[in-house]
Amino acid sequence: MNYINHLLENYKKGNIIKHNKLNFKGIKNFSVYNPSAQFNYQNKVYVFGRVEKREEKSNSLVILFEKVGSFWRPEFKFKSLKLEDPFIAFIDNKFILGGTEVKKIIFSRKVKFRTVFYSGKNIFSLKRFFNGPFGMKDIRLVQLNSGKIAVFTRPIGGKFKRGRIGFTIINSLNKLTIKVINEAKIIQIPLSEYEWGGVNDIIIINENLLGILAHFACFRGKFKEKFYYPISFCFDVHEKKAFDFKILFTRADLPFGESKDSFLYNVIFPGGIMKHGNFKISVGVGDCEAYEIILKNPFNAQISKTLKK
C-alpha cells in the first residue's frame with residue numbers, strides 16, 4: 001500500500017485555523033509562489049518568493065517582498081537571484097538564504113539542479129558560501145541547542161528511488177561538504193517506490209527533538225497529475241528516528257484557484273514555518289499562488305510528552 005494513501009486514510013480535517021492568499025503587487029504578469037517562511041527585520045515583515053511567468057518553466061527569480069498593509073511589494077534594495085523555492089535559516093547569528101539553482105544543459109532540453117546557500121550579517125549583504133551536489137534539492141540546515149548543525153538531505157535515483165530523506169550532524173558551517181551530504185544516513189520512512197519526500201523547514205522542540213515541516217509527493221491518475229502534500233513529523237536527533245507523520249491539510253481544504261497547468265493543481269509546496277502562538281506556514285499552491293496558513297500546533301502531542309518526562 002502506498003504510504004501517502006495510508007496517511008490520507010488517517011487524515012483528519014480541522015488543522016487550519018485561518019488561511020490567507022498572499023497578494024503581491026509590482027510584479028506585472030508574473031506569478032509568485034513557493035514562498036519562504038516570513039520573517040522580521042528592522043521592524044518590517046519580509047518574505048522571499050519564487051517569481052516566474054506563467055508560461056515559462058525553470059526560469060525563476062527569487063525576490064524579496066516587504067509586507068505593506070494587506071499586500072506585498074518588492075524590496076528593491078535586495079538584488080534578485082536566479083533561483084527557485086527559497087528558504088531561510090539563522091545560524092551563528094547569520095542570516096542564511098537557500099534555494100534551488102537550475103542550469104540548462106547546452107544543446108539539450110534537459111536541466112541540472114542543485115541546492116545553493118548564501119549567508120550574511122543581514123539580508124542585504126548575502127554572499128554564496130556553498131553549492132550542494134547536482135541532482136539534489138531540499139538540503140536544509142538548523143542549528144541545534146548544542147551549537148552543532150543538523151543537516152537534512154534528499155538524494156534521488158538508484159536505491160533512493162524518486163527521493164529519500166537523509167540526516168547528519170556537523171560541528172560548523174565550514175564542515176559542510178558534498179562528501180558529508182552524500183554520506184548522510186537515510187531516515188527510515190515507508191514511502192513506496194513511486195513516492196518521494198523532502199524536508200522544507202525545521203523547528204527546535206527541545207535538545208533532543210526537532211519538528212519537521214516536509215512534503216510527500218506522488219503521481220496520480222491516468223494523466224499522471226502531481227500531488228504534493230504538506231507533512232509534519234518529529235525527529236529524534238540522538239536516535240535518528242522519525243515518527244508521528246501527519247498530513248497537515250490538502251488542496252481541497254483551500255479555496256479553488258489557478259495553477260500553472262492542470263497537472264499541477266494539487267501541488268502544495270510548504271516553504272517555511274514560524275511560531276507565534278499558533279504556527280504559520282508559507283505554502284505555494286499549483287506552482288502559481290502563495291498562501292499563509294495558520295495551523296494548530298502539529299507537534300503539540302510530542303511537546304506535551306516531553307514536558308511530562
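**Exercise 1.** In this predicted model, determine whether Ser36 is buried or exposed, then describe its surroundings.

*Solution.* The relative accessible area of Ser36 is 0%. Buried means under 20%, so Ser36 is buried. Next, locate the residue: Ser36 belongs to the loop between strand 2 (30-33) and strand 3 (39-41). Finally, set aside neighbours within four places in sequence; Ser36 is then in contact with Val47, Phe48, Pro86, Phe87, Ile88, Gly271, Gly272 and Ser282.

**Exercise 2.** Classify the geometry of the aromatic pair Phe279 and Phe299, and state which parts of the chain the pair ties together.

*Solution.* A pair of aromatic rings is described by the distance of the centres and the angle of the planes. The structure has 24 aromatic pairs. For Phe279 and Phe299, the centres are 6.0 Å apart and the angle between the planes is 70°. Planes over 60 degrees apart count as edge-to-face, so this pair is edge-to-face. Phe279 lies in strand 20 (residues 278-285), whereas Phe299 lies in the loop between strand 21 (289-295) and helix 3 (300-308); the pair therefore ties together parts that are 20 residues apart in sequence. Both Phe279 and Phe299 are buried.

**Exercise 3.** Identify which aromatic cluster includes Phe48, and which charged end sits over the ring of Phe87.

*Solution.* Phe48, a contact of Ser36, forms one aromatic cluster with Phe39, Tyr46, Phe78, Phe90 and Phe95. Phe87 is also in contact with Ser36. Over the ring of Phe87 sits the charged end of Arg140, 3.6 Å from the ring centre. Another such arrangement involves Arg220, with its charged end over the ring of Phe227 and 5.5 Å from the centre.

Notes
Residues numbered from 1 in each chain as written. Predicted model: local features only at pLDDT ≥ 70, side-chain atom pairs only at ≥ 80, totals over all residues. Heavy atoms only, no water. Helix = DSSP H or I, 4+ residues; strand = E, 2+ residues; numbered from the N terminus. Buried < 20%, exposed > 50% of the residue type's maximum accessible area, 1.4 Å probe, protein only. Contact = heavy atoms within 4.5 Å. Phe/Tyr/Trp six-rings, centres within 6.5 Å; stacked < 30°, edge-to-face > 60°. Lys NZ or Arg CZ within 6 Å of the ring centre and 35° of its normal.
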